[in-house]
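I opened a fresh page for this one and went through it piece by piece. Here are my notes, in the order I looked things up.

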Amino acid sequence: MINWTPVIERHSSGNTELGKVWLRTDRQNLVTGVYTMFGKTKKFVPNPNETWSVEEGMIIAELALEEELNFRQMISQIKKYN
């Protein structure tokens, strides 16, 4: 789960159990980048022919968090058996 702040000056941050996430928007309030900072910064951007609303950017951040949590859980399981 991500606890979001409102978009202020084209940025919104969110807090997660793994670290911060950020949304950056343009002047039309469309997301230009989703950043996750879970130890290593990852950036997600829309393809040139698509746009993301703030709500869609938040969903992308949630999916990235879920993916990272699942990855860490798999690594933990592998380490148990080695």
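Before pairing anything, I fixed my terms: two strands pair if DSSP finds at least two bridges between them. Helices (H or I, at least four residues) and strands (E, at least two) are DSSP runs, numbered from the N terminus.

**Ground rules**

I am working with a predicted model, in which local features need pLDDT of at least 70, side-chain atom pairs count only at pLDDT 80 or more, and totals for chains, interfaces and linings use all residues. Residues are numbered from 1 along each chain as its sequence is written, and side-chain values use heavy atoms, with hydrogens and water left out.

**Overview**

I counted one helix and five strands. Read from the N terminus, the elements go β-β-β-β-β-α. Along the principal axes, the C-alpha atoms fill a box of roughly 50 × 25 × 20 Å.

I then looked at burial, where buried means under 20% relative accessible area, exposed over 50%, and partly exposed in between (1.4 Å probe, protein chains only). Of the 82 residues, 26% are buried. For total areas I used the Shrake-Rupley method with a 1.4 Å probe; for residues, only the protein chains shown count as cover. The accessible surface is about 5900 Å², and 54% of that belongs to carbon and sulfur atoms.

**The sheet**

How are the five strands ordered in the sheet? They form an open sheet in the order 1-2-3-4-5, with antiparallel pairing. Strand 1 (3-4) and strand 5 are the edge strands, and each pairs on one side only. A reminder to myself: strands of a sheet pair through backbone hydrogen bonds, either parallel or antiparallel.

I walked through the pairs next. Strand 2 (residues 11-15) meets strand 3 over five antiparallel bridges, and Gly14 has Val21 of strand 3 as its bridge partner. Strand 3 and strand 4 (residues 31-37) are joined by six bridges, again antiparallel. Across that pair, Trp22 stands opposite Tyr35, and Lys20 stands opposite Met37. Strand 4 and strand 5 (residues 41-44) run antiparallel and share four bridges, with Val34 opposite Phe44.

**Strand 3 up close**

Which side chains of strand 3 (residues 20-25) point to the buried face? I found Val21, Leu23 and Thr25 buried on one face, while Lys20, Trp22 and Arg24 point to the other face and are not buried. That fits the textbook picture: in a regular strand the side chains alternate between the two faces of the sheet.

**Turns and positive phi**

I checked each hairpin for positive phi values. Between strand 2 and strand 3 there are four residues, and Gly19 has a positive phi near 145° in that hairpin. The hairpin of strand 4 and strand 5 has three residues between the strands, and there Gly39 takes a positive phi near 100°.

Two non-glycine residues also caught my eye. Asn29 has a positive phi near 65° and belongs to the hairpin of strand 3 and strand 4, with five residues between the strands. Asn29 is partly exposed, at 41% relative accessibility. Glu9 has a positive phi of about 50° although it is not a glycine, and I located Glu9 in the loop between strand 1 and strand 2. Is Glu9 buried or exposed? Glu9 counts as exposed because its relative accessible area is 72%.

**Thr36 and the helix**

Thr36 sits in strand 4. I call Thr36 buried because its relative accessible area is 2%. For contacts I took heavy atoms within 4.5 Å. Leaving out residues up to four places away in sequence, Thr36 touches Lys20, Val21, Thr41, Lys42, Phe44 and Ala64.

Last, I placed the helix. Axes here are lines fitted to C-alpha atoms, for helices over the stretch in contact, and angles run from 0 to 180 degrees between N-to-C directions. Helix 1 (residues 54-81) lies across strand 1, strand 3, strand 4 and strand 5, and runs at about 25° to strand 4.
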